[in-house]
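Biologist: I should like a close look at a single part of this model, set out as one connected account. The structure is shown first, and my request follows.

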Amino acid sequence: MKRAIIFLPLLSAALWASGPQQVPLNFDALEKKASNTVRVDLNMSLIKLAMRWMPKDDPDTAKMAKIVSNLQGVYVRSYEFDEEGAFSPDDLEPFRKTINGSGWNCLVHARNKKTGENSDICLRQDGDKVLGLAILLTEPKKLTVVNILGAIDPSELASLEFLGIPSGL
């Protein structure tokens, strides 16, 4: 019994470290304040379903199929507010705590004090293998969070617009 008690936490940690991790996306309070919202929740089966709607004769379909074949989920939250100050850094703390934790490497932390625009782009990695991507974009009246689970090349993000990934990332 003692061995099982020691083994289970080690197994859980190993599984967590080797797989993708969905970041906290519970922004219900912000969603209630927002004048415009976008919420995308695509698990692996919904991604495959979305691929069925892609035109079979389009040469880009095969490329997209290859890109999404390794995805396990795509999650987007985007909120626009009528006034500045509708959200604070505290509202984003659970998200930031996760992307600054073990297994995550943040590639970009961009801050523009003049415009109030901020960007964070972080990868969840296991060695050279990318297991997920998290993006946080804030403006004075807008907040967008993207979490992609599964192997993805960040340079391929523009190709995922049909899954709800905002253009221009």
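Leaving aside its neighbours within four places in sequence, with which residues is Phe-95 in contact? Please describe the surroundings of this residue and then place them within the rest of the chain.

Modeller: The model is predicted. Setting aside neighbours within four places in sequence, the contacts of Phe-95 are Val-23, Pro-24, Phe-27, Ala-134, Ile-135, Leu-136 and Val-145.

Phe-95 belongs to the largest nonpolar core, a set of 20 residues, and is one of those with the most contacts inside it. The others singled out in this way are Val-23, Phe-27, Phe-81, Ile-99, Leu-143 and Val-145. At least two residues of this core come from each of β2, α5 (93-99), β5 (129-139) and β6 (142-150). The greatest contribution is that of β6, with 3 residues. A second core, separate from this one, has 18 residues and includes Met-54, Leu-71, Val-76 and Ile-152.

Phe-27, a contact of Phe-95, also takes part in one of the aromatic pairs, of which the structure holds 2. Its partner is Tyr-79, and the pair is edge-to-face, with 6.3 Å from centre to centre and 75° between the planes. Phe-27 lies in the loop between α1 (2-18) and α2 (28-33), whereas Tyr-79 is in strand β2 (residues 71-80); the pair thus links distant parts of the chain, 52 residues apart. Both rings are withdrawn from the surface: Phe-27 is buried at a relative accessible area of 5%, and Tyr-79 is buried at 1%.

The other aromatic pair is formed by Phe-81 and Phe-87; its ring centres are 5.4 Å apart and its planes stand at 40°, so the pair is tilted. Phe-81 is buried, with a relative accessible area of 5%, and Phe-87 is likewise buried, with a value of 15%.

Phe-87 leads on to Thr-138, a residue of strand β5. Beyond neighbours within four places in sequence, Thr-138 is in contact with Phe-87, Leu-92, Gly-116, Glu-117, Asn-118 and Leu-143. Among these, Leu-143 is one of the residues with the most contacts inside the largest core. Thr-138 is itself buried, with a relative accessible area of 6%.

Strand β2, which supplies at least two residues of the largest core, is also packed against by the buried residues of α4, as is α3 (44-52). In helix α4 (residues 59-68), the buried residues are Thr-61, Met-64, Ile-67 and Val-68. Viewed down the axis of α4, these buried residues fall within an arc of 125°, so they line one face of the helix. An α-helix has 3.6 residues a turn, so residues three or four places apart point the same way. On the face of α4 turned away from the buried side are the exposed residues Pro-59, Ala-62, Lys-63 and Lys-66.

A covalent link is found elsewhere in the chain. The structure holds 1 disulfide, formed by Cys-106 and Cys-122 with their sulfur atoms 2.1 Å apart. The torsion about its S-S bond is about 95°, so the disulfide is right-handed. Cys-106 lies in strand β3 (residues 104-112) and Cys-122 in strand β4 (residues 117-126), so the disulfide ties together parts that are 16 residues apart in sequence. The two cysteines are not equally accessible: Cys-106 counts as partly exposed, at 25% relative accessibility, whereas Cys-122 is buried, at 0%.

For the chain as a whole, there are 5 helices and 6 strands, arranged along the sequence as α-α-β-α-α-β-α-β-β-β-β. Of its 169 residues, 36% count as buried. Among contacts with a separation of 6 or more, 62% join residues 24 or more positions apart.

A word on confidence is in order. The mean pLDDT of the chain is 80, with 78% of the residues at 70 or more. Confidence is lowest in α1, at a mean of 34, and highest in α2, at 94. The pLDDT is below 50 over residues 1-19, a stretch with 9 contacts in the model beyond near neighbours in sequence. Where pLDDT is low, the predicted coordinates should not be read in detail.

Methods. Residues are numbered from 1 along each chain as its sequence is written. This is a predicted model: local features need pLDDT of at least 70, side-chain atom pairs count only at pLDDT 80 or more; totals for chains, interfaces and linings use all residues. Side-chain values use heavy atoms; hydrogens and water are left out. Rings of Phe, Tyr and Trp (its six-membered ring) pair if their centres lie within 6.5 Å; planes under 30 degrees apart count as stacked, over 60 as edge-to-face and the rest as tilted. Helices (H or I, at least four residues) and strands (E, at least two) are DSSP runs, numbered from the N terminus. Buried means under 20% relative accessible area, exposed over 50%, partly exposed in between (1.4 Å probe, protein chains only). A nonpolar core is a set of buried Ala, Val, Leu, Ile, Met, Phe, Trp, Tyr and Cys residues joined through side-chain atoms within 4.5 Å. Contact means heavy atoms within 4.5 Å. The arc is that of the directions from the helix axis to the C-beta atoms. pLDDT is the predictor's confidence in each residue, from 0 to 100. A disulfide is a pair of cysteine sulfur atoms within 2.5 Å.
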